[in-house]
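I opened this entry to look up how the two chains meet. My notes follow the model below.

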Amino acid sequence: MGNVLIFAEHQGGHFPKTTLTAIHAGLDLAKKRGGASAIAVVSGDAPESAAAEIAKYGVAKVIALAHPALKNYLADAHAQALAALAKKENAEFVIATATAMGKDLFPRLAARLGAPMASEITSINDDHTFVRPMYAGNAMATVELDGPIKVLTVRGTAFDAAKPGDGAAPVEKQDAEIDAAALKMEFVSFNATKSDRPQLTEARIIVSGGRGLKSGENFKTVLEPLVDEMGAAMGASRAAVDAGFVPNDLQVGQTGKVVAPELYIAVGISGAIQHLAGMKDSKVICAINKDEEAPIFAVADYGLVADLFKAVPEMAEEIKKLKHS
Amino acid sequence: MKILVPIKRVPDPATTIRVMPDGSGIATDNVKWVINPFCEIAIEEALRIKEKQTGEVVLITVGQSTWQEQLRTGLAMGADRAILVKTDTALDSLAIARILAKVASDEKPELIILGKQAIDDDSNQVGQMLAEMLGWPQATFASKVEIGADKTSVTREIDGGLETIAFKLPGVITTDLRLNEPRYASLPGIMKARKKELKEIPADSLGVDLAPKLKIKTLTAPPKRQAGRKVASVQELVAVLHTEAKVI
């Protein structure tokens with residue numbers, strides 16, 4: 001009977017919500033498979049303390065996979081280490097969330113294992129049938145994977161986050177099997193986008209701006225006061241990012257971040273297909289746009305046809321009043 | 001430098017996609033077929049590197065005879081020659097990567113540049129699989145590529161910021177949206193493209209395992225989100241978000 005190996009991505013020992021959704025999906029898969037154990041793997045040069053943290057989330061075992069080459073994430077070292085571990089732990093499934101890291105690593109891992117891979121699954125039908133979006137979410141495909149090992153990434157918005165329980169699973173430290181001579185990639189630097197706001201994939205409320213904001217300056221002076229008044233994360237349409245108003249990693253859409261917050265407020269966003277693909281599963285969608293024909297209104301629960309340069313500062317004021325009432 | 005650029009034919013991104021009632025696929029009548037937008041960016045990047053350094057840009061695709069159209073478009077943009085690996089059956093990412101790895105081992109490019117994902121299946125797999133099969137380094141989601149004398153450095157768009165990694169060629173790079181703005185094919189380019197070499201290779205002649213391990217059983221349309229209602233003022237909007245939707 002094969003096991004479910006869950007790659008638990010961490011950011012310096014912290015596990016974002018996206019990782020907890022992979023844990024949840026992995027636990028669900030182990031249950032559907034029957035008799036399989038869900039094993040979480042935490043990688044790094046010294047991953048033991050992070051591994052202890054994830055041990056509370058319902059898995060049968062946590063492996064702290066250690067090697068100096070796993071310090072900074074690089075696809076070649078991680079693919080080697082995880083492929084060797086998958087075989088050693090008799091994994092039938094290897095699963096992660098489709099974050100930038102999951103998307104980079106898992107196809108390489110699948111090729112190393114000679115295993116088929118389904119990207120960004122949104123549902124687990126049974127132990128070999130999964131549902132995943134295609135065509136920017138305009139079609140949902142039921143796919144069947146065939147082989148002794150199956151590789152999966154999950155769409156973070158489609159599964160709940162695993163919750164910590166009372167007990168903790170045993171943590172087992174293992175030295176990763178890596179052929180250092182075969183490593184050809186070198187980490188140079190990471191230039192973090194500085195922000196005190198919640199991350200897009202974690203936030204309960206997202207306020208996104210589009211081309212209607214007209215400039216990067218207006219994102220700062222018009223949109224950001226509302227974002228911060230609401231304690232929200234800030235997002236953007238592809239048009240706004242392409243125009244250089246805001247950094248790339250704020251892009252919500254088919255080829256950017258896929259989000260599903262409780263409240264998504266689209267400001268000055270027309271609602272192109274590829275943008276809708278990234279936010280249409282939000283619980284409540286609200287749109288502010290001066291063009292009443294804008295496609296965004298077709299998916300919005302609440303639409304306000306208005307000049308955003310008037311409406312947004314007014315809304316920030318109203319929110320402030322509400323908070324103090 | 002010799003650069004191999006694998007490309008894919010997809011429906012125009014502006015096309016409204018409709019799922020066939022029997023779930024067998026999407027309706028393809030009235031669909032305009034184009035080069036996948038990320039693949040266009042890959043062609044452009046390859047051409048820019050070639051223009052700086054000299055070399056050859058070789059396009060490759062895996063598909064039916066009709067896919068020649070997209071190869072010709074790429075040749076018209078300025079690529080030097082093209083290869084169509086012909087197959088009439090649907091292949092999964094693993095099989096495509098195996099084909100590309102086999103052709104790469106014959107062609108021996110120093111660099112392979114491809115799109116990060118195709119906008120039809122949205123899988124985002126082939127570049128990474130190909131890099132592993134060749135034992136090459138990979139730089140996915142590239143927003144900047146610098147080919148140095150000794151090392152190539154690539155800036156990548158990842159969660160929370162920009163990462164830079166470096167490696168010695170050969171290597172695989174996959175393109176993100178903001179790497180460049182692809183050029184249009186010029187009229188002289190289109191004329192020249194007609195005379196450029198376009199070689200066909202039957203997929204089953206390559207001796208690689210093509211049996212799909214991922215099969216699409218059925219497609220369904222996603223549940224449609226109902227349009228809600230318009231509100232008259234900011235005050236009303238904040239009030240309904242608070243009392244009705246209870247999200248603030």
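I looked up A:L145 first and found its bridge partner, B:L214, in strand 12 of chain B. Strand 8 of chain A (residues 139-145) pairs with strand 12 of chain B in the antiparallel sense, over 6 bridges. I call strands paired if DSSP finds at least two bridges between them. Helices (H or I, at least four residues) and strands (E, at least two) are DSSP runs, numbered from the N terminus.

I noted the ground rules: this is a predicted model, local features need pLDDT of at least 70, side-chain atom pairs count only at pLDDT 80 or more, and totals for chains, interfaces and linings use all residues. Residues are numbered from 1 along each chain as its sequence is written, with chains lettered from A and ligands numbered from 1 in the order in which they are written.

Next I checked the helices. The axes of helix 8 of chain A (residues 308-324) and helix 6 of chain B come within 9 Å and cross at roughly 45°. Axes are lines fitted to C-alpha atoms, for helices over the stretch in contact, and angles run from 0 to 180 degrees between N-to-C directions. The two helices are therefore oblique to each other (not under 35 degrees, over 145, or 65 to 115).

Which residues of helix 8 of chain A meet helix 6 of chain B? I listed A:A311, A:E314, A:M315, A:E318, A:I319 and A:L322, against B:V234, B:Q235, B:L237, B:V238 and B:H242.

Last, I took the whole interface: 68 residues of chain B are in contact with 69 of chain A (C-beta atoms, placed from the backbone, within 7 Å).

Technical notes: Contact = placed C-beta atoms within 7 Å.
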